[in-house]
Amino acid sequence: MRRAAGEMRHVASQGPDHVPGGAPDYAVGQVARIASVSVRTLHHYDEIGLVSPGRRTAAGYRRYTEADLQRLQHVLFYRELGFALEEITAILDDPATDTLAHLRRQHELLTRRIDRLRAMADAVEHAMEANILSIPLTPQERFEIFGGFVPEDHDEEARRRWGAGDAWRQARARTAAMTRADWARFTEEAARTVRDFTEAYLAGLPAGGPRAMELAERHRAHLTRWCYDCSYDLHRGLGDMYIADRRFAAVYEASAAGLTAYIRDAIHANADRAGRPA
């Protein structure tokens, strides 16, 4: 679709024919080449009244005008977005909708598709991480245990940002040996800590208070027990990553708006209490 749209914006360079005293027009073969569609497709669009050439020669040959090409471009956009030809015809023939309105609608639809594709890409990345780590689980077991969240994906982010090479190697070795029961315990412990953080946050307990720091230390111990030796420095870095990484924000903010920052602050406070300055 991008190629077709780009080429159709530069149709003048494709060698249109000029009618003396009139606007240029294009033969069906030229349009097929410009739009990267087949001549047969253009004939079909003409037959059903979706994109009909604005002119014909004395011998009956199709000649497409600039307006025809613009309509074809809209058709190709809507087709790429999954609309049926009947739906596209109704959309384009709506007298209340002009070219700008079509472009705005297409932009909105494309933005939605991009968001869906990004979510799908995140899911695939999670699956890749699980595969790389050789997690011995079936697809159903992975879904039951992890849902849409795989913690190992964030271990790699920690390694990239803070150079946690030893931690990453430990995580790979430990998780490779974990059974389904181990993963179930791991995720339940993590979920319980998030629930307790949420309760503390909603109760108005300060992030630098005893309860929040106790939960931060539990979180650090959880990572040390299951994944890698999580030092206070590394834990502080993870807290910062929770703010910077939208995947973590999506998980924590689903429990309570502002929870991500609360957990980060509690982690920092706990590291400060342990004598680990920022």
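**Exercise 1.** Decide whether His235 is buried or exposed in this predicted model.

*Solution.* Begin with the cut-offs, by which buried means under 20% relative accessible area, exposed over 50%, and partly exposed in between, with a 1.4 Å probe and protein chains only. His235 has a relative accessible area of 1%, so it counts as buried. Next, place the residue: His235 lies in helix 12, where helices are DSSP runs of H or I with at least four residues, numbered from the N terminus. Finally, with neighbours within four places in sequence left aside, His235 is in contact (heavy atoms within 4.5 Å) with Ala216, His219, Arg220, Leu223, Cys230 and Ile267.

Residues are numbered from 1 along each chain as its sequence is written. The model is predicted, so local features need pLDDT of at least 70 and side-chain atom pairs count only at pLDDT 80 or more, while totals for chains, interfaces and linings use all residues, and side-chain values use heavy atoms, with hydrogens and water left out.

**Exercise 2.** Find out which residues of helix 10 are buried, and which residues Phe197 touches.

*Solution.* The buried residues of helix 10 are Trp183, Phe186, Glu189, Thr193, Val194, Asp196, Phe197, Thr198 and Ala200. Of these, take Phe197, which touches Ala212, Leu215, Ala216, Leu259, Tyr262, Ile263 and Ala266, when residues up to four places away in sequence are not counted. After the helix comes Gly204, whose phi is positive, near 85 degrees.

**Exercise 3.** Compare the expected span of helix 10 with the distance between its end C-alpha atoms.

*Solution.* The expected span is 1.5 Å times one less than the number of residues. Helix 10 has 23 residues and should therefore span 33 Å, which agrees with its end C-alpha atoms, 33 Å apart.

Terms used. Helix = DSSP H or I, 4+ residues; strand = E, 2+ residues; numbered from the N terminus.
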